[in-house]
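Subject: Structure handover and notes

Hello,

Here is the structure for your files. My notes on the helices and strands follow below it.

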Amino acid sequence: MITDAAPDNTINVSSETGTLKRLLIHSPDRGLGKVVPSKAQDWLFEDIVHLDTMRRDEYDYYVKLLLYFLDPDKIKGKLSQIDNDPTRAFYIPGTDEYYDSDRVVDIQKLLGQILEENNVRVKLTAAICGIERCSYRIQEELNAYDPHELAKIFISGSCPDKRMLFAPLPNLIFMRDIGIVINDHILLNKPAKTARTRESILAQFVFFYHPMFAHIKDNLIEIPENERHFLLPDDEKASDYHRCTLEGGDVMMVAPNHLLIGCSERTSIYAAQQVMKILFDKNVVDKITIIKIPKKRDYMHIDTIFTQVKKNVWVLLGSLARLGDEARKKDVLHFFAPTAANKEFRILQFVKGSEQQPREIENLEDLLAEISGKDLGSNEPVRFIYSGDNEFPYGEREQWTDSCNLLALKDGVVVGYDRNDRTLDAFRRQDFTVISAKELLEKFENNELSPATLADTFITLPSAELSRARGGSHCMSMPVLREPLLSEF
Ligand SMILES: NC(=[NH2+])NCCC[C@H](N)C(=O)O
C-alpha cells in the first residue's frame with residue numbers, strides 16, 4: 001500500500017481510476033505560441049492558440065488541481081499569492097518560487113536533469129541534430145548551453161534569443177501519448193506523425209537515463225520495427241499490417257490483468273500485435289482487448305471516445321457504441337448500408353495461451369461493463385454517460401472538444417473541460433457534482449472541502465484555447481503511480 005509519506009520511485013499503474021499519486025505532465029511552453037496557421041494542421045493543432053490565456057486561465061488550473069490532490073503542501077495556503085503574481089513564477093522551472101514537486105512532475109525538469117550529465121547531453125544533442133538536420137556548428141552551439149536552457153530549446157525548438165532552430169513540439173503537452181505505464185512496466189511509443197517524432201526521442205532518453213526510472217530499466221518496453229517495412233515501396237508503407245506505430249492515447253490500463261489497445265489513425269494492428277506478444281511473454285498482463293476504431297481525425301485515439309470515471313461509470317461517444325447500433329437497426333435503411341462502415345469498428349479480446357481464438361465483443365458497452373464487473377469486481381450496476389447526452393448533434397460536437405477524455409484523480413473524481421454543456425448535464429443527472437476548478441480550489445483553500453473526502457465530482461477546466469489543440473485532461477497526463485483500485489477486494 002502506498003502511503004502519503006515522501007514518495008519513493010515506485011512506478012505502478014494498474015487501473016484508470018485508482019487514486020493518482022504521481023504523474024508526468026508538460027506545461028505549455030513558448031513553442032506553442034509559435035504555431036502559425038499554415039502549419040497548424042501539420043502540427044496536429046486545429047487552430048493557433050493564445051499562449052498566455054492557455055497558460056494563465058486554463059492549464060495553470062490543471063496544475064493547481066493536481067498539486068492539491070497529489071502534493072498539497074506545495075500549494076495549500078499559497079493560492080492568492082500564486083494567483084496574484086503577474087510573472088507566474090510558481091509555474092516556471094528554475095525560479096525560486098517554482099513548485100518543484102516530485103509528484104506532479106514536468107518532463108522538462110527531468111530532461112534538464114539528465115542533460116546535466118555530459119555523456120547524455122552529447123548523445124541527445126547528436127540525436128536531435130541528426131533528425132532535425134542541424135549543421136555541425138549548431139550542434140556545437142547547443143552543447144554549450146546550460147542543461148535546463150537546452151531542455152527548453154529541445155522542446156520549444158527556439159533559442160532564448162528567439163532564433164528558431166527546429167519546429168516546436170506543441171503536442172508535448174499531451175504527455176499521455178509518449179508512453180504508458182502498464183503495472184510496473186513502461187511501454188514507449190512509436191509516433192505515427194512526424195510532428196511528434198522528436199517527442200519520442202526526448203522521452204526515450206528521459207526514461208532510460210533519469211534516476212527516477214533507473215530501477216525499472218529492464219521494464220522499459222520498446223516496440224521493434226517491422227523489418228519488412230524497410231523494403232516496402234513508399235506507397236505500400238501505410239498498410240496497417242506493415243506499419244509499426246503506437247501512441248499512448250490508444251493504450252489503457254483498465255485492470256491489473258487487462259490492457260486495452262486501440263487500433264486507430266495512430267496505432268497500427270502490427271504494433272498492437274507486437275505489444276501483445278511482448279506483454280504476454282513477460283507476463284505483464286494476461287488479457288488484451290484490441291479495439292479497432294475508424295481512422296478519423298475526429299477520434300485519433302481510443303481515449304477520445306471513452307474514458308473511465310469510476311469503477312462502474314464510463315463516459316463514451318454514443319454513435320460508436322451500442323446505442324448507435326440500435327438506433328441504426330430501427331431503420332430499414334441499415335440493411336442497404338455498405339458493410340465496410342461497420343467493419344471499421346471491431347472489438348477482439350485475446351487471452352494469453354489462446355491467442356489464436358480471440359473472442360469478439362459486439363459493442364463498447366459490453367466490453368466496459370465486463371471490465372467493471374468481472375475485472376474490477378464492482379457489484380453496482382454499470383452506468384454509461386454519453387457525450388452530449390447522446391442528443392443529436394451534440395454527441396459528436398462535444399466529443400470533438402474532449403467530452404470523453406477525462407482524467408480520474410481518484411475513483412469517481414474526474415477533471416474535464418467546461419465547454420461540454422450537455423455532457424455535464426448528463427453527469428449531473430447521474431448525481432455527480434459539477435464544480436469549476438476555480439471554485440473548488442477556493443473551497444479547498446478555506447477548508448470547506450478536501451480532496452480526501454470529495455466523491456462523485458466532475459471538476460471543470462476552462463478550455464477555450466486548450467481544446468483547439470485537440471486533447472483533454474486524460475491526454476495531458478501520464479500517470480506513473482496510482483493506488484491499487486482492487487485493495488478492498
Ligand atoms: N491521447 C490523446 N487523445 N491525445 C491527443 C493528442 C492531440 C494532438 N494534437 C495530436 O493530434 O496528436
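**Helices α5 and α6**

Helix α5 (residues 118-132) and helix α6 (residues 136-143) cross at roughly 145°, and their axes come within 10 Å. Please keep in mind that this is a predicted model. The crossing of α5 and α6 is right-handed. On the α5 side the contact is made by R121, V122, T125, A126 and C129, which meet I138, Q139, L142 and N143 in α6. By type, the residues of this contact between α5 and α6 divide into 5 nonpolar, 3 polar and 1 charged.

**Helix α2 and its contact with α16**

Helix α2 covers residues 51-70 and bends by about 45° at Y59. Most of α2 is covered, with 15 of its 20 residues buried.

α2 packs with α16 at an angle of about 35°, and the two axes are 10 Å apart. This crossing of α2 and α16 is left-handed. Which residues of α2 meet α16? They are Y61, K64, L65 and Y68, and their counterparts in α16 are A437, K438, L441 and F444. The contact of α2 with α16 divides into 6 nonpolar residues, no polar ones and 2 charged ones. On spacing within such a helix, residues three or four places apart point the same way, because an α-helix has 3.6 residues a turn.

One residue of α2 deserves its own entry: Y68. Is Y68 buried or exposed? Y68 counts as buried because it has 22 C-beta neighbours inside 10 Å, and the cut-off for buried is 20 or more. Leaving out residues up to four places away in sequence, Y68 touches I75, L441, F444 and P451. Two of these, L441 and F444, are also among the α16 residues that α2 meets. There is a long-range pair here too: Y68 and S450 are 382 residues apart in sequence, while their C-alpha atoms are 8.9 Å apart in space.

**The four-stranded sheet and α16**

An open sheet is formed by 4 strands in the order β14-β15-β17-β16, and its pairing is mixed. β14 (407-410) and β16 (433-436) are the edge strands with a single partner each, so one side of each has no neighbour in the sheet. From one strand to the next, the twist averages 30°.

Within this sheet, β16 pairs with strand β17 (residues 457-461) in the parallel sense, over 4 bridges. T433 has T457 in β17 as its bridge partner. Helix α16 (residues 437-445) packs on the sheet and touches β16 and β17, with its direction at about 90° to that of β16. α16 therefore has contacts with the sheet as well as with α2.

**The three-stranded sheet**

A second open sheet has 3 strands in the order β9-β10-β13, again with mixed pairing. Its edge strands are β9 (306-310) and β13 (383-386), each of which pairs on one side only. The twist in this sheet averages 25° from one strand to the next.

Strand β10 (residues 313-316) runs parallel to β13, and 4 bridges join the two. What is the bridge partner of V315 in β13? The partner is I385.

**Two antiparallel pairs**

Strand β6 (residues 251-255) is mostly covered: 5 of its 5 residues are buried. β6 and strand β7 (residues 258-263) run antiparallel and are joined by 4 bridges. The connection from β6 to β7 is a hairpin through 2 residues. M253 has L259 as its bridge partner in β7.

The other pair brings together strand β1 (residues 20-25) and β18, antiparallel over 4 bridges. In this pairing L23 stands opposite P479 in β18. Strand β18 (residues 478-482) has 5 of its 5 residues buried, so β18 is largely enclosed by the rest of the structure.

As background for the strand sections, strands of a sheet pair through backbone hydrogen bonds, in either a parallel or an antiparallel sense. In a regular strand, side chains alternate between the two faces of the sheet.

Regards

Conventions:
Residues are numbered from 1 along each chain as its sequence is written. This is a predicted model: local features need pLDDT of at least 70, side-chain atom pairs count only at pLDDT 80 or more; totals for chains, interfaces and linings use all residues. The bend at a residue is the angle between axes fitted to the seven residues ending there and the seven starting there. A residue is buried if 20 or more other C-beta atoms lie within 10 Å of its own, exposed if 12 or fewer, and partly exposed in between; C-beta atoms are placed from the backbone. Two strands pair if DSSP finds at least two bridges between them. Axes are lines fitted to C-alpha atoms, for helices over the stretch in contact, and angles run from 0 to 180 degrees between N-to-C directions. Two residues are in contact if their C-beta atoms, placed from the backbone, lie within 7 Å. A crossing is left-handed if the near helix is turned anticlockwise from the far one by less than a right angle, and right-handed if clockwise. Ala, Val, Leu, Ile, Met, Phe, Trp, Tyr, Cys and Pro count as nonpolar, Asp, Glu, Lys and Arg as charged, and the others, Gly among them, as polar.
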